[in-house]
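Got a minute to look at how this protein packs on the inside? Here is the model to keep open while we talk.

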Amino acid sequence: MANHPHLDTADADAELFDLLRIPSVSADSTRRGDMRRAADFLRAKLDSLGFTARVDDTAGHPVVYAERLKAPGKPTVLIYGHYDVQPEAPEAEWLTPPFEPTVRDGRVYARGSTDDKGQAYAHVRGAQLLLEGAGELPVNVKFLIEGEEEVGSRNLEPYLRAHADELKCDVIVISDGSRFAKDVPTVTYGLRGLAYVEVHVQGASRDLHSGSYGGAAPNPINALATIISKLKDEEGRITIPGFYDGVHELTEQERGMWRGLPHDDAEFAASIGVDALPGEAGYSTLERLWGRPTLDVNGIWGGYQGEGSKTVIAAKAGAKISMRLVPGQDPHRVAELAKDYIESLAPEGTKVEVIDLHGGQPVAMDLDSPFIAAADRALERVYGRRAAFARTGGSIPIVAAFRTILGAPVLLVDMGLNEDAPHSPNESFALDDYHNGILTSAYLLEELAK
Ligand SMILES: [Zn+2]
(Lines give C-alpha, C1' and ligand atoms only; values in the text may rest on other atoms or scores of the structure.)
Protein backbone atom coordinates (compact mmCIF):
# COMPACT_ATOMS: atom_id res chain seq x y z
CA MET A 1 0.00 0.00 0.00
CA ALA A 2 0.91 3.66 -0.29
CA ASN A 3 2.82 2.94 -3.50
CA HIS A 4 2.97 5.81 -5.88
CA PRO A 5 5.87 6.89 -8.10
CA HIS A 6 5.81 10.42 -6.73
CA LEU A 7 5.15 9.74 -3.06
CA ASP A 8 8.29 10.56 -1.09
CA THR A 9 7.21 9.33 2.33
CA ALA A 10 10.40 10.40 4.10
CA ASP A 11 9.95 13.98 2.91
CA ALA A 12 6.22 13.95 3.71
CA ASP A 13 7.00 12.71 7.23
CA ALA A 14 9.77 15.25 7.84
CA GLU A 15 7.52 18.15 6.82
CA LEU A 16 4.65 16.97 9.00
CA PHE A 17 7.04 16.62 11.94
CA ASP A 18 8.15 20.24 11.46
CA LEU A 19 4.51 21.30 11.69
CA LEU A 20 3.98 19.11 14.76
CA ARG A 21 6.91 20.82 16.52
CA ILE A 22 4.96 24.09 16.61
CA PRO A 23 2.92 24.11 19.84
CA SER A 24 -0.18 25.69 18.30
CA VAL A 25 -2.51 25.33 21.28
CA SER A 26 -5.45 27.61 20.54
CA ALA A 27 -6.71 27.62 24.15
CA ASP A 28 -3.38 28.96 25.47
CA SER A 29 -3.11 32.75 25.10
CA THR A 30 0.67 32.62 25.68
CA ARG A 31 1.01 30.71 22.40
CA ARG A 32 -0.44 33.28 20.04
CA GLY A 33 2.93 33.52 18.35
CA ASP A 34 3.02 29.77 17.79
CA MET A 35 -0.48 29.92 16.32
CA ARG A 36 0.73 32.51 13.84
CA ARG A 37 3.85 30.42 13.07
CA ALA A 38 1.73 27.34 12.29
CA ALA A 39 -0.53 29.39 10.02
CA ASP A 40 2.50 30.88 8.25
CA PHE A 41 4.02 27.43 7.83
CA LEU A 42 0.93 26.21 5.97
CA ARG A 43 0.63 29.38 3.91
CA ALA A 44 4.28 29.14 2.83
CA LYS A 45 3.91 25.46 1.93
CA LEU A 46 0.76 26.01 -0.14
CA ASP A 47 2.37 29.04 -1.75
CA SER A 48 5.38 26.90 -2.73
CA LEU A 49 3.00 24.46 -4.42
CA GLY A 50 1.62 27.27 -6.59
CA PHE A 51 -1.52 28.00 -4.61
CA THR A 52 -2.58 31.58 -4.04
CA ALA A 53 -2.28 31.47 -0.29
CA ARG A 54 -2.77 33.91 2.56
CA VAL A 55 -3.31 34.15 6.29
CA ASP A 56 -6.51 36.01 7.23
CA ASP A 57 -6.92 37.59 10.64
CA THR A 58 -10.09 36.98 12.60
CA ALA A 59 -11.25 38.20 15.99
CA GLY A 60 -9.38 35.13 17.32
CA HIS A 61 -6.72 33.00 15.65
CA PRO A 62 -6.01 33.39 11.94
CA VAL A 63 -7.43 31.32 9.09
CA VAL A 64 -5.22 29.97 6.29
CA TYR A 65 -6.87 30.25 2.91
CA ALA A 66 -5.39 29.01 -0.36
CA GLU A 67 -6.78 28.29 -3.79
CA ARG A 68 -5.66 26.88 -7.10
CA LEU A 69 -8.38 27.24 -9.70
CA LYS A 70 -6.88 25.92 -12.92
CA ALA A 71 -9.41 23.30 -13.94
CA PRO A 72 -12.11 25.19 -15.85
CA GLY A 73 -15.35 23.24 -16.16
CA LYS A 74 -14.32 20.87 -13.37
CA PRO A 75 -15.78 20.81 -9.85
CA THR A 76 -14.43 22.98 -7.07
CA VAL A 77 -13.45 21.13 -3.92
CA LEU A 78 -13.05 22.91 -0.59
CA ILE A 79 -10.81 21.06 1.85
CA TYR A 80 -11.29 22.03 5.49
CA GLY A 81 -8.92 21.27 8.35
CA HIS A 82 -7.56 22.87 11.50
CA TYR A 83 -3.99 23.61 12.57
CA ASP A 84 -4.77 24.28 16.23
CA VAL A 85 -4.39 21.48 18.75
CA GLN A 86 -5.64 20.57 22.20
CA PRO A 87 -3.55 21.53 25.24
CA GLU A 88 -0.90 18.90 26.00
CA ALA A 89 -1.91 18.55 29.67
CA PRO A 90 -1.39 16.35 31.63
CA GLU A 91 2.18 16.57 30.35
CA ALA A 92 3.60 14.04 32.85
CA GLU A 93 1.59 11.29 31.18
CA TRP A 94 3.35 11.69 27.84
CA LEU A 95 6.04 9.05 27.26
CA THR A 96 7.87 11.47 24.94
CA PRO A 97 7.48 15.26 24.72
CA PRO A 98 4.18 16.27 23.08
CA PHE A 99 5.83 18.72 20.69
CA GLU A 100 8.81 16.56 19.78
CA PRO A 101 7.37 14.10 17.25
CA THR A 102 8.73 10.63 18.02
CA VAL A 103 8.22 7.50 15.94
CA ARG A 104 7.54 4.23 17.76
CA ASP A 105 6.18 1.08 16.10
CA GLY A 106 5.22 2.91 12.91
CA ARG A 107 3.33 5.67 14.67
CA VAL A 108 4.31 9.28 15.19
CA TYR A 109 3.55 10.46 18.71
CA ALA A 110 2.84 14.18 19.08
CA ARG A 111 -0.02 16.48 20.03
CA GLY A 112 -2.02 17.21 16.88
CA SER A 113 -0.56 14.23 14.97
CA THR A 114 -3.99 12.83 14.10
CA ASP A 115 -6.18 15.78 15.21
CA ASP A 116 -5.86 17.46 12.87
CA LYS A 117 -2.42 18.39 11.57
CA GLY A 118 -1.65 14.92 10.21
CA GLN A 119 -4.99 14.58 8.44
CA ALA A 120 -4.99 18.16 7.12
CA TYR A 121 -1.39 17.86 5.94
CA ALA A 122 -2.19 14.60 4.12
CA HIS A 123 -4.42 16.72 1.88
CA VAL A 124 -1.65 19.27 1.31
CA ARG A 125 0.73 16.45 0.33
CA GLY A 126 -2.02 14.85 -1.78
CA ALA A 127 -2.19 18.03 -3.86
CA GLN A 128 1.61 18.04 -4.09
CA LEU A 129 1.56 14.44 -5.35
CA LEU A 130 -0.77 15.37 -8.19
CA LEU A 131 1.18 18.49 -9.07
CA GLU A 132 4.46 16.52 -9.20
CA GLY A 133 2.78 13.84 -11.31
CA ALA A 134 0.41 15.38 -13.82
CA GLY A 135 1.69 18.91 -13.26
CA GLU A 136 -1.79 20.23 -12.52
CA LEU A 137 -4.72 19.50 -10.25
CA PRO A 138 -7.66 17.75 -11.94
CA VAL A 139 -10.20 19.89 -10.08
CA ASN A 140 -10.26 23.38 -8.58
CA VAL A 141 -9.05 23.21 -5.00
CA LYS A 142 -9.55 25.57 -2.07
CA PHE A 143 -7.97 25.00 1.32
CA LEU A 144 -9.52 26.45 4.46
CA ILE A 145 -7.46 25.60 7.54
CA GLU A 146 -8.62 27.29 10.71
CA GLY A 147 -7.03 27.79 14.11
CA GLU A 148 -9.98 27.64 16.50
CA GLU A 149 -11.58 24.22 16.06
CA GLU A 150 -10.48 23.06 19.49
CA VAL A 151 -12.03 26.12 21.12
CA GLY A 152 -15.39 25.94 19.35
CA SER A 153 -14.69 27.59 15.95
CA ARG A 154 -16.09 30.82 17.33
CA ASN A 155 -14.97 32.97 14.41
CA LEU A 156 -15.48 30.51 11.61
CA GLU A 157 -19.16 31.21 10.95
CA PRO A 158 -18.60 34.97 10.55
CA TYR A 159 -15.60 34.14 8.33
CA LEU A 160 -17.70 31.84 6.16
CA ARG A 161 -20.38 34.51 5.84
CA ALA A 162 -17.90 37.25 5.00
CA HIS A 163 -16.14 35.09 2.37
CA ALA A 164 -19.14 33.10 1.11
CA ASP A 165 -18.55 34.09 -2.53
CA GLU A 166 -14.87 33.29 -2.48
CA LEU A 167 -15.48 29.95 -0.72
CA LYS A 168 -18.14 28.80 -3.19
CA CYS A 169 -17.62 25.14 -4.02
CA ASP A 170 -19.35 21.98 -5.18
CA VAL A 171 -18.31 19.78 -2.29
CA ILE A 172 -16.51 20.15 1.04
CA VAL A 173 -14.05 17.50 2.18
CA ILE A 174 -13.15 17.13 5.86
CA SER A 175 -10.73 14.64 7.41
CA ASP A 176 -10.82 15.23 11.15
CA GLY A 177 -12.01 12.00 12.71
CA SER A 178 -11.74 8.25 12.99
CA ARG A 179 -12.39 5.42 10.56
CA PHE A 180 -14.68 2.59 11.62
CA ALA A 181 -11.73 0.20 12.03
CA LYS A 182 -8.11 -0.11 10.87
CA ASP A 183 -8.86 -2.10 7.73
CA VAL A 184 -12.19 -0.40 7.02
CA PRO A 185 -11.86 2.76 4.91
CA THR A 186 -14.81 4.87 5.90
CA VAL A 187 -16.90 7.65 4.44
CA THR A 188 -19.09 9.33 7.01
CA TYR A 189 -22.17 10.72 5.31
CA GLY A 190 -24.38 11.75 8.21
CA LEU A 191 -24.25 13.37 11.61
CA ARG A 192 -26.98 13.64 14.19
CA GLY A 193 -28.22 17.05 15.28
CA LEU A 194 -29.07 18.21 18.76
CA ALA A 195 -31.84 19.88 20.74
CA TYR A 196 -31.03 20.71 24.34
CA VAL A 197 -33.49 21.88 26.98
CA GLU A 198 -33.40 22.62 30.67
CA VAL A 199 -36.40 21.78 32.88
CA HIS A 200 -37.24 23.71 36.04
CA VAL A 201 -39.85 22.42 38.48
CA GLN A 202 -41.10 24.69 41.27
CA GLY A 203 -43.16 23.44 44.19
CA ALA A 204 -43.66 25.34 47.46
CA SER A 205 -42.20 28.80 47.92
CA ARG A 206 -39.56 27.42 50.33
CA ASP A 207 -37.98 24.09 51.37
CA LEU A 208 -40.34 22.30 53.78
CA HIS A 209 -40.07 19.89 56.74
CA SER A 210 -40.99 16.50 55.27
CA GLY A 211 -42.71 15.44 58.51
CA SER A 212 -44.89 18.52 58.81
CA TYR A 213 -45.72 18.75 55.11
CA GLY A 214 -45.05 15.32 53.54
CA GLY A 215 -48.29 13.89 52.20
CA ALA A 216 -49.81 17.26 51.45
CA ALA A 217 -47.16 19.45 49.83
CA PRO A 218 -46.18 18.94 46.17
CA ASN A 219 -42.67 17.48 45.75
CA PRO A 220 -40.79 18.89 42.74
CA ILE A 221 -38.26 16.04 42.70
CA ASN A 222 -40.99 13.42 42.61
CA ALA A 223 -42.72 15.55 39.99
CA LEU A 224 -39.55 15.70 37.88
CA ALA A 225 -39.10 11.93 38.11
CA THR A 226 -42.72 11.44 37.03
CA ILE A 227 -42.23 13.75 34.07
CA ILE A 228 -38.99 12.08 32.96
CA SER A 229 -40.54 8.62 33.26
CA LYS A 230 -43.24 9.70 30.80
CA LEU A 231 -40.83 10.85 28.07
CA LYS A 232 -40.20 7.33 26.77
CA ASP A 233 -42.47 4.30 26.55
CA GLU A 234 -41.61 0.70 27.41
CA GLU A 235 -40.28 0.17 23.89
CA GLY A 236 -37.80 2.99 24.22
CA ARG A 237 -39.79 5.25 21.92
CA ILE A 238 -39.95 8.95 22.73
CA THR A 239 -43.49 10.02 23.59
CA ILE A 240 -43.32 13.76 22.83
CA PRO A 241 -46.21 14.29 20.38
CA GLY A 242 -44.88 15.07 16.90
CA PHE A 243 -41.30 14.18 17.84
CA TYR A 244 -40.90 11.67 15.00
CA ASP A 245 -42.75 13.77 12.39
CA GLY A 246 -40.63 14.07 9.29
CA VAL A 247 -37.91 11.66 10.49
CA HIS A 248 -36.18 10.11 7.49
CA GLU A 249 -36.55 6.39 8.00
CA LEU A 250 -33.47 4.26 7.42
CA THR A 251 -33.48 2.61 4.02
CA GLU A 252 -32.97 -1.11 3.50
CA GLN A 253 -29.74 -0.18 1.71
CA GLU A 254 -28.39 1.57 4.81
CA ARG A 255 -29.51 -1.11 7.21
CA GLY A 256 -27.91 -3.75 4.99
CA MET A 257 -24.61 -1.83 4.77
CA TRP A 258 -24.41 -1.35 8.52
CA ARG A 259 -25.22 -5.01 9.19
CA GLY A 260 -22.10 -5.80 7.17
CA LEU A 261 -19.80 -3.72 9.40
CA PRO A 262 -17.60 -5.47 11.96
CA HIS A 263 -19.59 -4.56 15.06
CA ASP A 264 -20.19 -6.81 18.05
CA ASP A 265 -22.82 -5.88 20.65
CA ALA A 266 -21.23 -7.92 23.45
CA GLU A 267 -17.82 -6.35 22.82
CA PHE A 268 -19.35 -2.88 22.64
CA ALA A 269 -21.24 -3.45 25.90
CA ALA A 270 -18.10 -4.80 27.57
CA SER A 271 -16.12 -1.77 26.38
CA ILE A 272 -18.37 0.47 28.52
CA GLY A 273 -18.69 -1.98 31.39
CA VAL A 274 -22.35 -2.94 31.01
CA ASP A 275 -24.15 -6.18 30.17
CA ALA A 276 -27.01 -4.79 28.09
CA LEU A 277 -27.60 -2.05 25.51
CA PRO A 278 -31.14 -0.78 26.09
CA GLY A 279 -32.73 1.34 23.40
CA GLU A 280 -35.50 1.72 20.87
CA ALA A 281 -37.10 -1.61 19.97
CA GLY A 282 -36.75 -2.81 16.40
CA TYR A 283 -33.37 -1.24 15.67
CA SER A 284 -29.82 -2.54 15.93
CA THR A 285 -27.21 -0.77 18.02
CA LEU A 286 -25.59 1.00 15.05
CA GLU A 287 -29.02 2.01 13.76
CA ARG A 288 -29.89 3.46 17.16
CA LEU A 289 -26.55 5.27 17.39
CA TRP A 290 -26.41 6.69 13.88
CA GLY A 291 -29.88 6.76 12.38
CA ARG A 292 -32.43 7.19 15.15
CA PRO A 293 -33.20 10.16 17.39
CA THR A 294 -32.76 9.79 21.13
CA LEU A 295 -33.54 11.53 24.39
CA ASP A 296 -31.22 11.45 27.40
CA VAL A 297 -31.23 13.21 30.73
CA ASN A 298 -27.74 14.70 31.08
CA GLY A 299 -28.05 16.21 34.53
CA ILE A 300 -30.48 16.37 37.42
CA TRP A 301 -30.58 18.31 40.65
CA GLY A 302 -32.76 19.09 43.64
CA GLY A 303 -33.00 18.64 47.39
CA TYR A 304 -30.41 17.56 49.88
CA GLN A 305 -27.23 15.99 48.51
CA GLY A 306 -24.92 16.33 51.54
CA GLU A 307 -23.74 13.74 54.03
CA GLY A 308 -26.29 11.76 56.01
CA SER A 309 -30.00 12.53 55.94
CA LYS A 310 -32.00 15.70 55.94
CA THR A 311 -35.77 15.42 56.02
CA VAL A 312 -36.76 18.08 53.56
CA ILE A 313 -39.13 18.60 50.65
CA ALA A 314 -37.24 20.79 48.23
CA ALA A 315 -38.87 23.83 46.70
CA LYS A 316 -37.17 23.29 43.33
CA ALA A 317 -35.74 20.61 41.10
CA GLY A 318 -34.32 20.61 37.61
CA ALA A 319 -32.85 18.57 34.79
CA LYS A 320 -30.94 19.00 31.57
CA ILE A 321 -32.21 16.93 28.69
CA SER A 322 -30.61 16.46 25.28
CA MET A 323 -32.19 15.00 22.19
CA ARG A 324 -29.99 13.76 19.34
CA LEU A 325 -31.78 14.36 16.06
CA VAL A 326 -31.71 12.82 12.61
CA PRO A 327 -32.39 14.28 9.16
CA GLY A 328 -35.96 15.47 8.84
CA GLN A 329 -36.04 16.94 12.35
CA ASP A 330 -35.48 20.59 13.19
CA PRO A 331 -33.83 21.40 16.54
CA HIS A 332 -35.98 24.42 17.33
CA ARG A 333 -39.22 22.69 16.43
CA VAL A 334 -38.26 19.67 18.53
CA ALA A 335 -37.35 21.92 21.47
CA GLU A 336 -40.78 23.60 21.15
CA LEU A 337 -42.55 20.24 21.08
CA ALA A 338 -40.56 19.10 24.12
CA LYS A 339 -41.39 22.32 25.94
CA ASP A 340 -45.14 22.02 25.28
CA TYR A 341 -45.27 18.37 26.28
CA ILE A 342 -43.07 18.58 29.39
CA GLU A 343 -44.94 21.65 30.66
CA SER A 344 -48.24 19.84 30.07
CA LEU A 345 -47.04 17.02 32.32
CA ALA A 346 -46.66 19.29 35.36
CA PRO A 347 -48.16 17.39 38.30
CA GLU A 348 -50.70 19.21 40.46
CA GLY A 349 -49.22 21.93 42.61
CA THR A 350 -46.02 22.34 40.60
CA LYS A 351 -44.98 24.84 37.98
CA VAL A 352 -42.80 23.52 35.17
CA GLU A 353 -40.75 25.70 32.88
CA VAL A 354 -38.67 24.47 29.93
CA ILE A 355 -35.87 26.54 28.42
CA ASP A 356 -34.38 25.89 24.95
CA LEU A 357 -30.58 26.01 25.52
CA HIS A 358 -29.15 25.40 22.08
CA GLY A 359 -29.45 23.22 19.04
CA GLY A 360 -27.67 21.94 15.97
CA GLN A 361 -29.01 20.73 12.65
CA PRO A 362 -28.62 17.09 11.63
CA VAL A 363 -26.92 16.50 8.27
CA ALA A 364 -26.78 13.65 5.84
CA MET A 365 -25.54 13.36 2.30
CA ASP A 366 -27.57 11.52 -0.31
CA LEU A 367 -26.02 8.06 -0.69
CA ASP A 368 -26.62 8.22 -4.43
CA SER A 369 -24.53 11.37 -4.70
CA PRO A 370 -21.71 11.27 -7.28
CA PHE A 371 -19.38 12.61 -4.56
CA ILE A 372 -20.02 9.51 -2.46
CA ALA A 373 -19.28 7.32 -5.46
CA ALA A 374 -16.05 9.22 -6.11
CA ALA A 375 -14.92 8.75 -2.51
CA ASP A 376 -15.76 5.05 -2.74
CA ARG A 377 -13.61 4.64 -5.88
CA ALA A 378 -10.73 6.63 -4.38
CA LEU A 379 -10.69 4.54 -1.19
CA GLU A 380 -10.88 1.31 -3.17
CA ARG A 381 -7.80 2.36 -5.15
CA VAL A 382 -5.91 2.96 -1.90
CA TYR A 383 -7.10 0.10 0.30
CA GLY A 384 -8.14 -2.49 -2.28
CA ARG A 385 -11.57 -2.76 -0.72
CA ARG A 386 -14.86 -0.91 -0.82
CA ALA A 387 -15.49 1.81 1.73
CA ALA A 388 -17.90 1.52 4.61
CA PHE A 389 -20.57 4.19 4.59
CA ALA A 390 -21.19 5.17 8.15
CA ARG A 391 -22.94 7.89 10.02
CA THR A 392 -21.96 9.13 13.40
CA GLY A 393 -24.04 9.73 16.48
CA GLY A 394 -22.34 12.98 17.42
CA SER A 395 -22.72 16.44 16.00
CA ILE A 396 -20.07 18.64 14.37
CA PRO A 397 -21.48 22.18 14.44
CA ILE A 398 -19.14 23.45 11.69
CA VAL A 399 -20.50 20.84 9.29
CA ALA A 400 -23.98 22.27 9.64
CA ALA A 401 -22.52 25.78 9.22
CA PHE A 402 -20.80 24.73 5.98
CA ARG A 403 -24.03 23.24 4.73
CA THR A 404 -26.18 26.23 5.51
CA ILE A 405 -23.77 29.06 4.65
CA LEU A 406 -21.97 27.58 1.63
CA GLY A 407 -24.83 25.30 0.56
CA ALA A 408 -22.49 22.50 -0.47
CA PRO A 409 -22.56 18.87 0.66
CA VAL A 410 -19.92 17.74 3.13
CA LEU A 411 -17.91 14.55 2.66
CA LEU A 412 -16.20 13.27 5.81
CA VAL A 413 -13.25 11.10 4.82
CA ASP A 414 -11.61 10.20 8.11
CA MET A 415 -8.03 8.98 8.15
CA GLY A 416 -7.51 8.47 11.88
CA LEU A 417 -8.57 5.81 14.35
CA ASN A 418 -9.96 6.03 17.88
CA GLU A 419 -6.77 4.32 19.08
CA ASP A 420 -4.84 7.43 17.94
CA ALA A 421 -6.10 8.92 21.22
CA PRO A 422 -6.93 12.43 19.99
CA HIS A 423 -7.20 14.93 22.88
CA SER A 424 -5.45 12.42 25.21
CA PRO A 425 -1.83 12.10 26.31
CA ASN A 426 0.34 10.20 23.80
CA GLU A 427 -1.79 11.16 20.81
CA SER A 428 -0.41 9.48 17.71
CA PHE A 429 -1.00 8.86 14.02
CA ALA A 430 0.01 5.67 12.22
CA LEU A 431 2.41 6.63 9.44
CA ASP A 432 0.78 4.16 7.05
CA ASP A 433 -2.55 5.88 7.74
CA TYR A 434 -0.87 9.21 6.94
CA HIS A 435 0.61 7.88 3.70
CA ASN A 436 -2.67 6.23 2.72
CA GLY A 437 -4.34 9.52 3.56
CA ILE A 438 -2.09 11.32 1.08
CA LEU A 439 -3.06 8.84 -1.62
CA THR A 440 -6.72 9.03 -0.63
CA SER A 441 -6.65 12.80 -1.02
CA ALA A 442 -4.93 12.65 -4.41
CA TYR A 443 -7.19 9.89 -5.76
CA LEU A 444 -10.29 11.60 -4.39
CA LEU A 445 -9.46 14.76 -6.37
CA GLU A 446 -8.90 12.63 -9.49
CA GLU A 447 -12.17 10.76 -9.01
CA LEU A 448 -14.09 13.97 -8.30
CA ALA A 449 -12.91 15.25 -11.70
CA LYS A 450 -14.67 12.40 -13.51
ZN1 LIG B 1 -10.05 17.95 15.09
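What follows is a short chat about the core and the helix packing.

User: Before we start, what sort of model is this, and how are residues numbered?

Analyst: Residues are numbered from 1 along each chain as its sequence is written. The model is predicted: local features need pLDDT of at least 70, side-chain atom pairs count only at pLDDT 80 or more, and totals for chains, interfaces and linings use all residues.

User: Which helix gives the largest share of the largest nonpolar core?

Analyst: A nonpolar core is a set of buried Ala, Val, Leu, Ile, Met, Phe, Trp, Tyr and Cys residues joined through C-beta atoms within 7 Å. Buried takes 20 or more other C-beta atoms within 10 Å of a residue's own, with C-beta atoms placed from the backbone. The largest core has 88 residues, with Val77, Ile172, Ala375 and Leu411 making the most contacts inside it. Its largest share, nine residues, comes from residues 431–448, a DSSP run (H or I, at least four residues, numbered from the N terminus): helix 13.

User: How are helix 3 and helix 13 oriented to each other?

Analyst: Using lines fitted to C-alpha atoms over the stretch in contact, and angles from 0 to 180 degrees between N-to-C directions, the axes of helix 3 (residues 113–133) and helix 13 come within 7 Å and cross at roughly 55 degrees. Under 35 degrees is roughly parallel, over 145 roughly antiparallel, 65 to 115 roughly perpendicular and the rest oblique. Helix 3 and helix 13 are therefore oblique.

User: And at what angle do helix 11 and helix 13 cross?

Analyst: Helix 11 covers residues 370–383, and its axis comes within 8 Å of that of helix 13. This pair is oblique too, and the crossing angle is roughly 140 degrees.

Methods:
A residue is buried if 20 or more other C-beta atoms lie within 10 Å of its own, exposed if 12 or fewer, and partly exposed in between; C-beta atoms are placed from the backbone. Helices (H or I, at least four residues) and strands (E, at least two) are DSSP runs, numbered from the N terminus.
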